[in-house]
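Let's walk through this structure together, one question at a time. Keep the view open as you read.

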Amino acid sequence: MPKKKEEEQKAGAPQWMTTYSDMVTLLLTFFVALISMSTISPGKFQQVAVGLRIALSGRPPSVLMGGRSINEEPLITSKRGIYQELMRLSEEYKGKITVEERDEGTLIVLKDMVFFETGSAKLTAEAKELLAKVGQIVIEHTTNVLEVFGYTDDRPVLPNSIYVSNWHLSCARAASVVNFFLTELKEKRMIERAADIKLGRFNIDFFYNPDRFYPIGLGDREIKKKIEDLEKEISVEKTLLNEKLKNGEISRSEWEKKMNELESRYQNELERLRREFRRIDILIKREKV
């Protein structure tokens, strides 16, 4: 009889396996309960997700790049929601915001608006309103390095200016934008998202990390190149008019009329260029902090 009982036990699973299965099930239940009661930091979650993706892709970031990846997918295709939000703002501000994809990242151009007081790096109220809307999108929904470019027009700095040159002024303007993001906008968002911060759902220090921001001044270099091209174009047309007058192909009155038209065109184009360089550029680099 005992021999028969022993044979019946051998036919089923060993007793230790039943205990082991129960233990695994209880551990799994315990960890599921822990996760369900925890709060996830979006910043740290994104860091882990990006790190795993890079590691599993077989293309780990180079040590020479300080551990940073420069092969991130373009923002426009990887995060359509951000692009659509920027386009919605562009419609609201009637073309004062443009977005374009470049090799180094996604460039957001804010233009044709009085961003600073004349000859100054002090942001206007209108500029702060727009920067706050753009900043919330690009700062809180990406973890990339952000380069901010400042400009000036071709006119020299005012005689009583604290800035030595337009290079200094453009650098100060870029720095003013970064300072606005890291102080006024951060404080504003800290109040608006106090509940999320308290519950650990929004790590504001991660997104508003000063290491992400690089202010860069470009002075009046770009606008002077365009003005030079414009002056050459107008000069060629004036030379042709002088030749026509000399050869008797046009009368003196016609020559004067066309010369006045050229001068008027030059002034209009010059004013358009100066409006164009009332701008702030924000480059979301394909590079994680």
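Q: Which helix do the buried residues of α10 pack against?
A: Please bear in mind that this is a predicted model. In α10, the buried residues are Ile223, Ile227, Leu230, Ile234 and Leu241. The helix that these buried residues pack against is α11 (252–276).

Q: How far apart are the end C-alpha atoms of helix α10?
A: Helix α10 covers residues 221–246, which makes 26 residues. At 1.5 Å a residue the helix should span 38 Å, and the model agrees with that expectation. The end C-alpha atoms are apart by 38 Å.

Q: Which residue with a positive phi follows α10?
A: Look just past the helix for a phi near 80°. The residue there is Gly248.

Q: Why do the buried residues of α5 line one face of the helix?
A: The buried residues in α5 are Ile82, Leu86, Leu89 and Ser90. Looking down the helix axis, you would find these residues lining one face, because they fall within an arc of 105°.

Q: Which residue of α5 meets Glu85 in a salt bridge, and how many residues apart are the two?
A: The side chain of Glu85 meets that of Arg88, with N to O at 3.1 Å. Glu85 is partly exposed, because its relative accessibility is 33%, and Arg88 is partly exposed too, at 42%. About one helical turn separates the pair. So the partner is Arg88, and the spacing within α5 is three residues.

Q: Which helix supplies the largest share of the largest nonpolar core?
A: This core has 36 residues, and those with the most contacts inside it are Ile108, Leu110, Val134, Ile139 and Phe181. Elements that each supply at least two residues include α5, β1 (97–102), β2 (105–111), α6 (125–140) and α7 (166–192). The largest share is eight residues, and it comes from α6.

Q: How many residues are in the other core, the one with Trp255?
A: Phe181 is among the residues with the most contacts inside the largest core. Leaving aside neighbours within four places in sequence, its contacts include Leu131, Ile139, Tyr208, Phe213 and Ile282. Apart from that core lies another, with Leu218, Trp255, Tyr266 and Leu270 among its members. The number of residues in this other core is 19.

Q: How many residues apart in the chain are Arg286 and Glu101?
A: These two form a salt bridge, with their closest N and O atoms 3.5 Å apart. Arg286 sits in strand β5 and Glu101 in strand β1, so to speak a link between distant parts of the chain. Arg286 is partly exposed at 22% relative accessible area, and Glu101 is partly exposed at 29%. Their separation along the chain, in residues, is 185.

Q: Is Glu147, the salt-bridge partner of Lys285, buried or exposed?
A: The closest N and O atoms of Lys285 and Glu147 are 3.6 Å apart. The pair joins strand β5, which holds Lys285, to strand β3, which holds Glu147, across 138 residues of chain. Because its relative accessible area is 15%, and the cut-off is under 20%, Glu147 counts as buried.

Q: Which residues are joined into one network by salt bridges that share partners?
A: The count of salt bridges comes to 27. Some of them share partners, and the residues joined in this way are Glu140, Lys188, Arg189, Glu192, Arg193, Asp196 and Arg201.

Terms used:
Residues numbered from 1 in each chain as written. Predicted model: local features only at pLDDT ≥ 70, side-chain atom pairs only at ≥ 80, totals over all residues. Heavy atoms only, no water. Buried < 20%, exposed > 50% of the residue type's maximum accessible area, 1.4 Å probe, protein only. Helix = DSSP H or I, 4+ residues; strand = E, 2+ residues; numbered from the N terminus. Arc of directions from axis to C-beta. Core = buried A, V, L, I, M, F, W, Y, C linked by side-chain atoms within 4.5 Å. Contact = heavy atoms within 4.5 Å. Salt bridge = Lys/Arg side-chain N within 4 Å of Asp/Glu carboxyl O. Expected span 1.5 Å × (residues − 1).
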